[in-house]
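Student: Could we go through this structure together, asking at each step what a term rests on?
Tutor: Gladly; let us start once the structure is in view.

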2 protein chains.
Amino acid sequence: MKTPSIYFLLLAMLHVSVLLGQPNARPVIVSPEVHADNSVTFRFYGPMAKEVKLSAQFEKSPLAMTKDDKGVWSITTSPVKPDMYPYAFNVDGISVADPNNTAIFPNEGFQNSVVEITGSSPLIHTLQNVPHGTVSYRYYPSAELGTRPVVIYTPPGYESNPKASYPVLYLLHGTTDTEETWTKVGRAHIILDNLIAQGKAKPMIIVMPYGRAYPVISKSSGSLRNWDNLQEFKKDFFGNLMPFVEKNYRTLTDKNNRAIAGFSGGGGTSLYFGLNNTDTFAYVCGFAPGMLKNEFDRNNEVFFKNAAQANKNLKLFWIGVGKEDGLYAVNQEYMQVLDQKKIKYESLFTDGGHTWMNVKHYLSVIVPKLFN
Amino acid sequence: MKTPSIYFLLLAMLHVSVLLGQPNARPVIVSPEVHADNSVTFRFYGPMAKEVKLSAQFEKSPLAMTKDDKGVWSITTSPVKPDMYPYAFNVDGISVADPNNTAIFPNEGFQNSVVEITGSSPLIHTLQNVPHGTVSYRYYPSAELGTRPVVIYTPPGYESNPKASYPVLYLLHGTTDTEETWTKVGRAHIILDNLIAQGKAKPMIIVMPYGRAYPVISKSSGSLRNWDNLQEFKKDFFGNLMPFVEKNYRTLTDKNNRAIAGFSGGGGTSLYFGLNNTDTFAYVCGFAPGMLKNEFDRNNEVFFKNAAQANKNLKLFWIGVGKEDGLYAVNQEYMQVLDQKKIKYESLFTDGGHTWMNVKHYLSVIVPKLFN
C-alpha cells in the first residue's frame with residue numbers, strides 16, 4: 001500500500017446507502033468463501049432473523065447457520081465434491097439468494113445463487129486459459145411476440161475465419177429458466193471452449209433462446225400457459241429464430257449440421273421439435289427431458305408415424321437422466337415405447353437428481369458426439 | 001386453449017421444489033406488475049415475516065407493504081414517472097431482491113431488482129423495433145490477473161460491413177458494480193441502438209470491462225483495496241484490455257476516435273485515465289464522478305501539468321452530476337479548480353441524486369457529442 005485512501009470506501013458506502021435508502025451499518029461480508037480443502041463458508045447478514053438455513057444442492061437437506069454478535073449468520077461446510085452448485089438461504093422461512101454473490105441463477109420461478117468449488121484440477125466447466133469463444137446477446141424480431149432475446153455462442157476462431165461455416169446446436173433451458181441460464185448455470189460456453197481446446201469437439205455455434213412464447217408465470221394473467229405456449233414457441237422457433245440465426249451467422253444448414261438439446265421442460269421441447277422434424281435435425285438430445293406418459297402419442301405424432309425414416313435420418317438420439325430424478329420413471333417408460341417401436345437411441349443413467357450438475361455433465365458427454 | 005395439459009405446471013413445480021429442497025406450497029406470484037396508469041404492484045411471499053417494506057428509487061423513503069391471508073405482502077404505488085428504477089424489499093430489516101423478477105442489478109455490494117415503467121411513448125432506454133447491435137461477453141487475458149471478463153457492444157451493421165472500422169467508447173461502471181451493470185441497469189446497448197436509429201449517434205463500439213483489478217470487497221482479504229487496486233486496473237486497462245479490443249475488433253485507433261466515460265467510482269477512474277492521457281482519449285466524461293478534494297492534485301497530475309496541451313487535445317471534457325448527489329459539492333469544487341486553470345469543460349447539473357436514472361440520461365446526452 002502506498003497512499004492510504006478512503007476514496008473507494010467512501011464511494012462504496014455512498015453507493016450502497018443511497019441505493020438502499022438507509023445508512024449502511026452492516027459489516028463487510030464475503031460469501032461464499034471457498035477454502036483450499038473444498039469446504040465453503042457461507043455468510044448472511046441478518047441481525048433480526050430468528051433462523052437462517054443454507055439450502056445447497058450438495059446437501060440433501062438444509063443446514064442450520066449460526067449468528068455472531070454482529071448479526072452475521074454463517075456456516076462452514078465439510079469438503080464439497082468439486083462442481084458448481086445452486087444454493088439459497090432460508091431466512092425465517094423465506095428463500096433468498098446470497099446478496100454478496102453476483103453469480104445468480106437466472107430463473108423466473110425462484111432466485112438462487114451459484115457457487116463453484118474448483119478443486120485441484122480444473123473441471124470441464126471451469127474457466128481455463130484456452131482460446132475463448134464469444135457469447136453474444138442478440139434480439140430477433142417476431143411479428144407475433146415482439147422483440148425476442150437469444151444468447152448465441154460462436155467458437156474461438158469464428159471472427160478470424162470469415163469464410164468458415166459452422167454446425168449449430170440449439171440448446172433449450174428448463175421450464176422457468178431464461179435465455180441466460182445455459183451460460184450462467186450450465187456454463188455451456190466454457191464447456192465448449194474446453195472441449196474444443198482438447199480436440200474433443202468440433203467448433204460449433206450454440207443458440208440459446210428464451211425457450212417459450214410467454215413466461216410460464218404470466219405477467220398478465222398470473223396463470224400458467226402450457227400447450228398453447230409450446231405451439232406459439234414452435235412457430236417462433238422455426239419461423240423466426242432459425243431464419244435469424246441462418247441469416248446472421250455463417251451456418252451449415254443441412255440436417256447433419258443441426259442439433260437440438262435441452263433440459264427438463266426444454267428437454268421435452270427439444271424432443272418434440274427434433275424427433276418430429278428429423279429432416280431438420282439429425283441430432284436430438286434430452287437431458288432429463290420433461291414428459292408425461294399420457295402425452296407420448298401426442299408429442300411424438302410425426303416421429304412414431306415415420307419411425308423407420310427417423311431411424312435413418314437421426315445420427316444421434318440421446319437421453320440422459322439421473323436415477324434420483326423425478327422424471328427417471330417416465331423416461332424409462334418412454335424408452336420402453338421406443339424399444340417396442342424399434343427406434344434407436346442412446347441412454348445414460350447417472351447418479352443424482354434433476355440438477356444442473358448432471359446437466360453440465362450430459363452436455364459434456366453429447367457434444368463430442370455431434371457433427372462427426 | 002385446445003388440450004389442457006398439466007405438463008408445464010408439473011415441471012415448473014418439480015423444478016422449484018427440487019431446487020429449493022422443499023415442497024412448493026407458495027402461491028403463484030407476479031411481481032412487479034406495471035399497470036396502464038404507470039402505477040406498479042409489488043408482491044413478496046413471506047408468511048412468517050413481521051414487516052415488509054418496499055425500497056424503490058422512485059420514492060424518497062420505504063413504503064410499508066401489507067400481508068394477505070396467503071402470506072403475500074403487496075403494495076400498489078401511485079403512478080410513477082416512466083423510467084427504469086432499482087428497488088428491493090426490506091424483510092424484517094433484511095434487504096433482498098424481488099425473487100419473482102429476473103431483472104437483477106449486478107452488484108457486488110448489494111442485490112436490487114430493476115423495474116421499467118415504459119409509459120405511453122418509448123424512452124431512450126426502452127427496447128424498440130429498430131436495428132439492434134450485438135452485446136458480446138468476452139474474456140481477455142492478463143498475465144497478472146488471469147482471465148478477465150468484458151462486455152462489448154458492436155453497433156447494427158458491424159457484422160454485415162466487414163470493411164468498416166468504428167470509434168470506441170470505453171464505459172466504466174460504479175464502484176461495486178460489475179461488467180454487466182452498464183447493460184442490465186444502464187441499458188447502454190439499447191440507448192445506442194435508439195440514438196443510432198434516430199441519426200443522433202455515430203455507430204460506435206462500446207467496451208464495458210470489469211472496472212477494477214480485484215473486487216472492492218476482496219474475496220481473499222475481506223478488506224478494501226483502493227489506490228493499489230486502481231493502479232493494477234490501470235495496467236490492465238492500457239496493457240491488456242485496449243490491445244485486446246484493438247486486435248479483435250475493427251476499431252479506429254487515433255485519439256479522436258476514442259472516448260472514455262464512467263459513473264461514480266468509474267467516473268473518477270475515467271477522468272483519471274482520460275485526462276492524464278489526452279493523446280489517447282479526446283473525449284472524457286464523468287457521470288457523478290467519484291473524487292476527493294485532497295486527491296485532486298494526485299489524480300490530475302499529468303493533466304494539470306499539461307493543461308494547455310490537454311485543452312487542445314480534448315474535443316469534449318464533460319461532467320454531469322445531480323444536485324442531490326452526495327458528490328455534487330466536491331464536483332463543484334473540482335470545477336472551480338478547472339476554472340482557475342482555464343481548463344475547458346462542459347457541465348450538466350440535473351435534478352436527482354446518485355442514480356442510474358441520471359446515468360442513463362447522461363449517457364444519452366454525451367453520446368451524440370462523440371466522434372463528430
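Tutor: Rings of Phe, Tyr and Trp (its six-membered ring) pair if their centres lie within 6.5 Å; planes under 30 degrees apart count as stacked, over 60 as edge-to-face and the rest as tilted. By that rule the structure holds 65 aromatic pairs over all chains. This is a predicted model, where local features need pLDDT of at least 70, side-chain atom pairs count only at pLDDT 80 or more, and totals for chains, interfaces and linings use all residues. Side-chain values use heavy atoms, without hydrogens and water, residues are numbered from 1 along each chain as its sequence is written, and chains are lettered from A and ligands numbered from 1 in the order in which they are written.

Student: Why is the pair of A:Tyr170 and A:Phe281 called edge-to-face?
Tutor: The centres of A:Tyr170 and A:Phe281 are 6.0 Å apart with 85° between the planes, so the pair meets the 6.5 Å limit and the angle is over 60.

Student: What makes this pair tie together parts of chain A?
Tutor: A:Tyr170 lies in strand β13 (residues 168–172) and A:Phe281 in the loop between α5 and β16 (283–287), so the parts tied together are 111 residues apart in sequence.

Student: Why is the pair of A:Tyr272 and A:Phe273 called tilted?
Tutor: The planes of A:Tyr272 and A:Phe273 stand at 45°, with the centres 6.0 Å apart, so the angle is neither under 30 nor over 60. Ring pairs link both into a cluster with A:Tyr170, A:Trp227, A:Phe233, A:Phe237, A:Phe238 and A:Phe281.

Student: How do you know that helix α5 of chain A is mostly covered?
Tutor: In α5 (residues 265–275), 11 of its 11 residues are buried, where buried means under 20% relative accessible area (1.4 Å probe, protein chains only). A:Tyr272 and A:Phe273 are among them.

Student: What makes the charged end of A:Arg250 count as sitting over the ring of A:Tyr158?
Tutor: NZ of Lys or CZ of Arg must be within 6 Å of the ring centre and within 35 degrees of the ring normal. The charged end of A:Arg250 is 4.0 Å from the centre of the A:Tyr158 ring. A:Lys341 likewise sits over the ring of A:Phe304, 4.6 Å from its centre.

Student: How do you know that β2 and β6 of chain B pair?
Tutor: Two strands pair if DSSP finds at least two bridges between them, and 5 bridges join β2 (residues 40–45) to β6 (residues 72–76), which run antiparallel. B:Tyr45 has B:Val72 as its bridge partner in β6.

Conventions. Helix = DSSP H or I, 4+ residues; strand = E, 2+ residues; numbered from the N terminus. Buried < 20%, exposed > 50% of the residue type's maximum accessible area, 1.4 Å probe, protein only.
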